[in-house]
Amino acid sequence: MILITKVTISGFRSFSTGELGDLGHLNVLVGKNSSGKSNILRALSVFFNNEVEPGQALSFQRDLFDSGQRRKKQMQITVEFTLPSSFLLRKKLEHLKTLGNQFTITRIWELDSQLNIVDRFEIDAAGTQIPDPGAFARQFLGLIKFRYIPNRTVPTDILRDESQALARHVFLRMRDQSHAESLMTELTDAARRMLREVSESMEATTSPLHDPTVTTSTLIQMLTMAGFQARGSHGGIVQDGQWGAGHQGFFLYEVLRTLDTDYSRFFGWRQATIWAVEEPESALHHDLEIALASQFRKWSQDSKYRLQVFLTTHSTIFTMAADSGSWVDLKDSSTDLSQMSIQSLVKASETHGVTSWVHPILSHPWNPVILVEGPDDAEVLTHVASLAGYAHLRFVALPTLDPSEPSGGKDSIVTYLKRHQALIRNRQREAPLIVLLDWDVSKVELGKAQTAYGANGVDHVLHMNHSYCDPLMGPDFKGIERFYPPRIALEAHNAGELVLGISGPKPYSISKTQLDSGKHHLLRRFKQVTDPTELKPLQKVLLDVDKSVLAAVTPQRSLFQP
């Protein structure tokens, strides 16, 4: 879910002023220690909950940015909201529709004459006059659950703090409360139903713990649950405090997601959830880190959860999981924000020593990476994938995948595969490296590439099947251009961009020189095609690629979503 589209911070902590824009479902903040990453999360916490961190009130002495200038002491945070279609207002709150679907709320803190902190709200609703902005803002913000999870959080402490909410949640799901003697059994069953998805996620991580439920043995404890327990691989019951730190953390996020996004129990008074998380990778081993990052992607992009996530991280895995990110740096005693593409952010993080170097073959850990012979191939297939429902596939040429490689082409790919065969096996089975060669590659060349790939090479190295092409696109069209709609080639010919050989019903012919000089014209015209019916040849190619992805394992497709 994308609810917050922009955040502006002024006069708070390390921020003289700073702005996050073009926000996505999952937003990462990457930078060195003490650069101000967490202050962005704290600013959101102050805006929503009027506390810097859970249980910590705002303090001008501690939290005001010291500009060194003599001016009015003031902190200001502005949040731009764009309401998704799933954001609904019950009848008693219909007056909030005055705000429209896109508006900004500014919260300002100042000191009064007694040096007490006072705050006020301003609303910009596309020019609409809001009579009582404070009341409107508080009512609207009351529809959103904001949860801040600091890095130093002890998972079991939060879980026990949430036990009251969990108890109420479980009671709502109990089928029959008519007999006191059956309440304990009913409670356990209801808790297991609620935690079913949590249990499945833990099993998917090969956790030695399974069947988690609440810890309670008496009717009194049902009102103040003592925590959680799970069955260990040895068959015994293990209390949450005895779990490994990594599984505690993973379980924490799973349970909090269950609690925070079950909107049915709020009878329409809650419509969305915002999470602000510090370094969720803490205490997680590599596989758990990938699993949790996958869950964050899934939850934030699934409209039913209505969850938007902001997190600070030093992890390449969490950075690559995001769809929006910013580099955070401290310049002249003030935090500076630079929005970057995820690939650029990963590179900046490695360059500045924030994260360790990750081999390019292991990039995009949740998406199948399709290695093609040239950048035009990658551009064309990405365009078709976006229109045909294959956006989970990542098409790259060799120099794009690994900047240390000077050129692409089948020979360079074969050499690269031989050199990094062991690393290829380290990719997640659900997101393999696939090699897609041009249609004119020989059987001998294809076999060499499959051998160079190693295990699963026969399944994961393939070539484009020229039988999918329109008969008018003859064999003179070496490369992916043979899969273009014939009208594109004809239009380019009529426009003088290249010269075709046209002879009645026979396939179009073209010289190598004309094809080489006209490729960029054909590519430009191809990218203007938006009718899927004209792209059937390449859709069939994508279907072959998708079958190759699924050849070794049948994964949960939700892990592949962009």
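This is a walk through a predicted model, from the whole chain to its cores, one helix, its largest pocket and a few unusual turns of the backbone.

Start with the chain as a whole. It has 562 residues, and 53% of them count as buried. There are 20 helices and 20 strands. Many contacts reach far along the sequence: among those between residues at least 6 apart, 67% join residues at least 24 apart. The accessible surface comes to about 25,200 Å². Carbon and sulfur atoms account for 49% of that surface.

Now look inside. The largest nonpolar core has 50 residues. Leu 3, Ile 4, Phe 48, Phe 81, Ile 105, Phe 140 and Ile 274 have the most contacts within this core. Helix H1, residues 37-49, gives the core its largest share, seven residues. A second, separate core has 39 residues. Ala 378, Cys 469, Leu 515 and Leu 522 are among its members.

Phe 81 is a good place to see how the largest core is put together. Set aside its neighbours within four places in sequence. Phe 81 still touches Leu 3, Ile 4 and Thr 5. The list of its contacts also includes Phe 47 and Phe 48. Further along the sequence, Phe 81 is in contact with Asn 101, Gln 102, Phe 103 and Ile 105. Phe 140, Leu 141 and Ile 144 complete the set.

Next, follow helix H1 itself. Twelve of its 13 residues are buried, so the rest of the structure largely encloses H1. The buried residues include Ile 40, Leu 41, Leu 44, Phe 47 and Phe 48. Lys 37, Asn 39 and Arg 42 are buried in H1 too. How far apart are the end C-alpha atoms of H1? They are 19 Å apart; at 1.5 Å a residue, a span of 18 Å is expected, so the two values agree. After H1 comes Asn 50, with a positive phi near 55°.

Move on to the largest pocket. Its volume is about 750 Å³. The lining has 33 residues. Met 320, Ile 342, Gln 343, Ser 363 and His 364 lie nearest the centre of the pocket. Several elements each supply at least two lining residues, among them helix H9 (286-301), helix H10 (316-321) and helix H12 (375-388). Strand E18 (394-397) and helix H13 (398-401) do so as well. Which helix gives the most to the lining? H11 does, with five residues.

H11 spans residues 342-351. Its buried residues are Ile 342, Leu 345, Val 346, Ala 348, Ser 349 and Glu 350. Strand E3 (26-31), H10, E15 and E16 are among the elements that cover them. Gly 353 follows H11, and its phi is positive, near 75°.

Finally, check the backbone in two loops. Most residues other than glycine have a negative phi. Arg 13 is not a glycine, yet its phi is positive, about 50°. Arg 13 sits in the loop between strand E1 (4-12) and strand E2 (15-21). Asp 332 also has a positive phi, near 55°. Its loop joins strand E15 (324-331) to strand E16 (334-340). Is Asp 332 buried or exposed? Asp 332 has a relative accessible area of 79%, and exposed means over 50%, so Asp 332 is exposed.

How values were computed
Residues are numbered from 1 along each chain as its sequence is written. This is a predicted model: local features need pLDDT of at least 70, side-chain atom pairs count only at pLDDT 80 or more; totals for chains, interfaces and linings use all residues. Side-chain values use heavy atoms; hydrogens and water are left out. A nonpolar core is a set of buried Ala, Val, Leu, Ile, Met, Phe, Trp, Tyr and Cys residues joined through side-chain atoms within 4.5 Å. Buried means under 20% relative accessible area, exposed over 50%, partly exposed in between (1.4 Å probe, protein chains only). Helices (H or I, at least four residues) and strands (E, at least two) are DSSP runs, numbered from the N terminus. Contact means heavy atoms within 4.5 Å. Accessible areas come from the Shrake-Rupley method with a 1.4 Å probe; for residues, only the protein chains shown count as cover. The expected span of a helix is 1.5 Å times one less than its number of residues. On a 1 Å grid over the protein atoms alone, a cavity is a set of points where a 1.4 Å probe fits but cannot get out, and a pocket is an open set with protein on both sides within 12 Å along at least five of seven lines; lining residues have an atom within 4 Å of a point. Grid points are joined across faces, edges and corners, and a volume is the space filled by probe spheres set on the points.
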